[in-house]
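Colleague: I'd like to learn how to read a few features here. Could you walk me through them?

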Amino acid sequence: ACLSPHKKPLTGRHALVTAGPTVEPIDPVRFLSNHSSGLQGYAVAKALAQLGAAVTLVSGPVSLTTPENVTRINVQTAQQMKEACISALPADIAVCVAAVSDWRPKHVSVVKNKKGTSSLAPIDLVENPDILRDLCHIGAQRPSLVVGFAAETDHVLKHAQEKRRKKGCEWLLANDVSQGVFGQESNRVHFITEDTIEDWPTMSKEALAMQLAQKIASFFHQQDT
Ligand code: CTP
Ligand code: CA
């Protein structure tokens, strides 16, 4: 009500959003990935754009259409996602919603692995860059507000509070994925900051995205006053 009726609250702000899974190749026809649908990340990008932000959406492979007024950059791997995020800076806001593959195969075969040619070789894995953590520690170009999501199956609040501190982000939205979340329409999260926890009710991913976008808008509104 106190906001100007003519200007959307995030006009002039640049928001970077990551969404979807990453896909890590094993050979030209096989990969390592996860069940992320991209729904929550795309909803966040859409909500931020609706509030007037210029949105760059760095997306792993998903079957979703790009929301209106959102610039989408397609990537496959975590390393590509990190590069695309860094190239998109500066940004005022970063919201990391992507389900980044924690590991990738150490060696990518340039030819298809054939069965029966040797004993079944194990796939060596190496850890991927942590994009959220890296964005939090990027120096002068660090977005003033960095937000992460966390998927936990147990001790949700304790793990999420530790995760927020370890990553160095201002806010973390923690969801309990023990009952499944991937591809579902609704989501239930705990909104965690340095000194508060809010339990948000179960709501659609779209509604959750709008609630988060409005929180982001009031963060910048308070900063400006
Ligand atoms: N994230 C990221 N880059 C990674 C891994 C995670 O940017 N390599 C981001 C996700 O987008 C999410 C947050 O970090 O916003 C938390 O992801 P999550 O998988 O819950 O945490 P991890 O740090 O990977 O820890 P773990 O999977 O072991 O619980
Ligand atoms: Ca992870």
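Modeller: Sure. Helices (H or I, at least four residues) and strands (E, at least two) are DSSP runs, numbered from the N terminus. This is a predicted model: local features need pLDDT of at least 70, side-chain atom pairs count only at pLDDT 80 or more, and totals for chains, interfaces and linings use all residues. Residues count from 1 along each chain as its sequence is written, chains are lettered from A and ligands numbered from 1 in the order written, and side-chain values use heavy atoms, leaving out hydrogens and water.

Colleague: Where is Asp102 placed?

Modeller: Asp102 is in the loop between β6 (93-96) and β7 (103-105).

Colleague: What are the protein donors of the calcium ion (ligand 2)?

Modeller: Donors are N, O and S atoms within 2.8 Å of the metal (3.2 Å for Na, K and Ca); water is not among the atoms, so sites may look incomplete. Here Asp102 (OD) is listed twice, lying 2.5 Å from the ion.

Colleague: How many aromatic pairs are there?

Modeller: Rings of Phe, Tyr and Trp (its six-membered ring) pair if their centres lie within 6.5 Å; planes under 30 degrees apart are stacked, over 60 edge-to-face, the rest tilted. That rule gives 4 aromatic pairs. Trp171 and Phe191 have ring centres 5.0 Å apart and planes at 65°, so they pair edge-to-face. Since Trp171 lies in strand β10 (residues 171-176) and Phe191 in strand β12 (residues 189-192), the pair ties together parts 20 residues apart in sequence.

Colleague: Which residues form the aromatic cluster?

Modeller: Trp171, Phe191, Trp200, Phe219 and Phe220.
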